[in-house]
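I opened this entry to keep track of what I looked up in the model, patch by patch and residue by residue.

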Amino acid sequence: MFPRNCILWPALAKLLPDYPDIKVEIIVDYGLTDIVAERFDAGVRLGEQVAKDMIAARIGPDMRMAVVGAPSYFARRPRPRTPQDLTAHDCINLRLPTYGGLYA
């Protein structure tokens with residue numbers, strides 16, 4: 001879901017040569033971990049997952065999402081025209097442990 005290689009790595013590749021003492025450890029966690037309680041220095045989330053009390057800085061451009069499906073599936077079902085149309089389709093869902101259920 002998160003494009004770590006196309007957004008995070010280019011930013012780090014520019015930063016790290018100037019700061020060789022910085023050690024980077026990347027943890028991928030879909031649980032929306034409390035980064036303050038877990039003592040992380042920073043966290044990366046999609047825009048709609050940033051809590052109101054967090055200080056946020058954009059690190060990449062808006063991302064386009066795509067709906068993909070087999071031609072045989074769309075031969076039986078109408079193609080979705082809006083994100084809300086997906087509620088009537090068979091989709092692979094992402095469950096975020098601390099989000100309270102399936103990712104909208």
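I began with the surface of this predicted model, where Leu15, Tyr19, Ile22, Val24, Ile26, Val28 and Tyr30 form a nonpolar patch with about 600 Å² of accessible area together. From that patch I picked out Tyr19, which is found in the loop between α1 (4–15) and α2 (71–76). Tyr19 counts as partly exposed because its relative accessibility is 46%, a value between the 20% and 50% cut-offs.

I then stepped back to the chain as a whole. I noted 2 helices and 2 strands, which follow the pattern α-α-β-β when read along the sequence. The accessible surface of the chain comes to about 9,200 Å², and 55% of it belongs to carbon and sulfur atoms. Of the 104 residues, 15% count as buried. I also looked up how contacts are spread along the sequence: among those between residues at least 6 apart, 42% join residues at least 24 apart.

Next I asked myself which residue has a positive phi although it is not a glycine. I found that Arg39 does, with a phi of about 65 degrees. I wrote this down because most residues other than glycine have a negative phi. Arg39 lies in the loop between α1 and α2, and with 73% relative accessibility it counts as exposed.

For aromatic pairs, I took ring centres within 6.5 Å as the limit, and by this rule the count comes to 1. The pair is Tyr73 with Phe74, whose ring centres are 5.3 Å apart and whose planes stand at 80 degrees, so I entered the pair as edge-to-face. Tyr73 counts as buried, since its relative accessibility is 13%, and Phe74 also counts as buried, at 17%.

My last entry concerns His89, and I wanted to know what it is in contact with once its neighbours within four places in sequence are left aside. The contacts I listed are Tyr73, Phe74, Arg77, Pro78 and Pro80, so both members of the aromatic pair are included. His89 itself lies in the loop between α2 and β1 (95–96). Its relative accessibility is 12%, and His89 therefore counts as buried. For Pro78 I could add a distance, as its backbone oxygen lies 3.0 Å from a polar atom of the His89 side chain.

Conventions
Residues are numbered from 1 along each chain as its sequence is written. This is a predicted model: local features need pLDDT of at least 70, side-chain atom pairs count only at pLDDT 80 or more; totals for chains, interfaces and linings use all residues. Side-chain values use heavy atoms; hydrogens and water are left out. Rings of Phe, Tyr and Trp (its six-membered ring) pair if their centres lie within 6.5 Å; planes under 30 degrees apart count as stacked, over 60 as edge-to-face and the rest as tilted. Buried means under 20% relative accessible area, exposed over 50%, partly exposed in between (1.4 Å probe, protein chains only). Patches are made of residues with over 30% relative accessible area and no salt bridge: like charges are joined within 9 Å, nonpolar side chains (Val, Leu, Ile, Met, Phe, Trp, Tyr) within 5 Å. Accessible areas come from the Shrake-Rupley method with a 1.4 Å probe; for residues, only the protein chains shown count as cover. A salt bridge is a side-chain nitrogen of Lys or Arg within 4 Å of a carboxyl oxygen of Asp or Glu. Helices (H or I, at least four residues) and strands (E, at least two) are DSSP runs, numbered from the N terminus. Contact means heavy atoms within 4.5 Å. A polar contact is a pair of N or O atoms within 3.5 Å; within protein, one must be able to donate a hydrogen and the other to accept it, and residues adjacent in sequence count only if both atoms are side-chain atoms.
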